[in-house]
Amino acid sequence: LDHADCSNPPFGGAESFAFSPNDDLFAFNVLSGNSDPWSTSDDILDFYSPSHPLLLDPAPIVCNTDARQAHPRFSNDGMRLAFTTLYEAVSESDSARLAYMDLLTFECTVVTDAFDRSIDAFEFVPGTNQDELILQAEDIARSRLFSTSLEAGAAIDRITSDGSVAEFFPLSNGDVVFSLSSYTSPANIYRLDVASGDLINLTDSVNGPFLSQYALEAPTELYIPYSYPDGDSGTIQGWFFAPPGHDGVTSVPPIAYLHGGPESPWTDAWSYRWNPALMASQGYALWACNFHGSGSFGLEFKKSIREDWGGKPISDQINTFDAVLDMYPWLDRDRQTAMGASYGGYSISMHQGTTDRFKALVYHDGIYDLANFASSTDELFFPIREQGGLPWESPELKELYDRSSPMTYVSNWKTPELVITGLHDFRISTEAHAIATFNMLQYKGIDSKLIMFPRASHWVLNPADSIHWHDEVLAWLGKYTQ
């Protein structure tokens, strides 16, 4: 194939291709064409056979969708090709469904339409002819494993509970080996005996003694009721972290801890970057809520953020934070702070212009001018889907962008703010957003500091940079709360 990539940059690996059991078919993802900044529909699932007279050239799979199709896997008998598929061409936050093509009739069937979760990965259970599979999907702020099959009407049964799975490998006897982490533990390797339900930690002898040296306490999972004038009501899930060993009396400064994505939820998983347990160990209490738009709670809730970036999600962050402050009287309302990255950084900028309740703010790779973001991000399809179009396409869209843009509210800025960015961030332009934010803070005489990481992209991944990042963040928060 000319002018095509497999796997799709910048992501993709072994999940992007597969061989059939007898090696006579090869399926792979390919990104071709030149419209990839505007759409996610360029991911074409192709397959070919070096010995099949009709499949000597790669043939695209067409399953009634122009959207992304990915993660090809052949069934154990080689008669079906399974894959994940989106329904929306201009989206990456749609839910991925499990589908398959019958390789005799070339007919496609979607298996998980009734399963209101997005399939992140799947693998066939080896050694069976029943097309049994293990699925991985985010579910209620966790990444869980489920068992099912390709048969019509097959049940989808959850087989893991707490924590979050990263990699997994089904075994021929039905057991599953996988990595599992949580807020209080980095990844361990587990073996699940599916028949008995027994979960065996295979690496506890390595990680257990090391972790026993540290005080890491599991957060409290809370569900905060909400109700809006449009009739939308329900609960917002979130995680509350108290300092380890807190006595329930001593005053503690609380942090509103805001996730990015905006569809990427706070999940019960270990992180070497934004780790709330680490922040809590420094004497802070954190509220990490999964506001409107967060994934893992169903497609309707995830899509509810569209064309409402500055609306319910921002209100959720404040309203649920207030509810948590009411629940725990020892939280010091005079020492409130907030921090967030990406959409969380956008949220910080919105709070900067709409409330003066916080003593200090930490912004990481957020948004200053929403219209500029719509025309400069490396994922140009994203703002088109999230905002319903581009600001110049209609007066209504122009009004939506203005209303949802932090730049609109700069006249209200007054809170001290730490601004952090990576110089290789192509998701949210450093010059147009982080530097612009810092310049306006300086212009208005607001105490502020700019930290720029020369090697970082949208994320701080280098270990030495991460240490410096934490030193700067903790120093900034401490300046206004200690």
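## Helix α8 and its inner face

Which residues of helix α8 (residues 395–404) are buried? They are L397, L400, Y401 and S404. This comes from a predicted model, so keep that in mind for everything below. Look down the axis of α8 and the buried residues fall within an arc of 95 degrees, so they line one face of the helix. The background here is simple: an α-helix has 3.6 residues a turn, so residues three or four places apart point the same way.

What do the buried residues of α8 pack against? Their partners are three other helices: α5 (343–354), α6 (370–376) and α7 (381–387).

## S376, in helix α6

One of those partners, α6, holds S376. With a relative accessible area of 31%, S376 is partly exposed, because buried would mean under 20% and exposed over 50%. Its side chain reaches back to the backbone oxygen of N372, at 2.8 Å.

S376 also has company from further along the chain. Setting aside neighbours within four places in sequence, S376 is in contact with F426, S429 and H433. A432 belongs in the picture too: its C-alpha atom is separated from that of S376 by 8.9 Å, although the two residues are 56 apart along the chain.

## T437, in helix α9

Now for helix α9 (residues 430–443), where T437 lies. Is T437 buried or exposed? T437 counts as buried, because its relative accessibility is 0% and the cut-off for buried is under 20%.

So what does T437 touch? Not counting residues up to four places away in sequence, T437 touches Y363, Y368, W413, E417 and V419.

## A nonpolar patch on the surface

Over on the surface, I189, I200 and L202 make a nonpolar patch of about 240 Å². I189 sits in strand β16 (residues 185–192). At 34% relative accessibility, I189 counts as partly exposed.

## The protein as a whole

Zooming out, the protein has ten helices and 25 strands. It runs to 482 residues, and 54% of them count as buried. The accessible surface comes to about 20,900 Å², with 53% of that belonging to carbon and sulfur atoms.

How much of the contact list links residues 24 or more positions apart? Taking the contacts with a separation of 6 or more, such pairs account for 58%.

Technical notes:
Residues numbered from 1 in each chain as written. Predicted model: local features only at pLDDT ≥ 70, side-chain atom pairs only at ≥ 80, totals over all residues. Heavy atoms only, no water. Buried < 20%, exposed > 50% of the residue type's maximum accessible area, 1.4 Å probe, protein only. Helix = DSSP H or I, 4+ residues; strand = E, 2+ residues; numbered from the N terminus. Arc of directions from axis to C-beta. Contact = heavy atoms within 4.5 Å. Patch = residues over 30% accessible without salt bridge, like charges linked within 9 Å, V, L, I, M, F, W, Y side chains within 5 Å. Areas by Shrake-Rupley, 256 points an atom, 1.4 Å probe, with all protein chains shown as cover. Salt bridge = Lys/Arg side-chain N within 4 Å of Asp/Glu carboxyl O. Polar contact = N/O pair within 3.5 Å; in protein donor to acceptor, adjacent residues only side chain to side chain.
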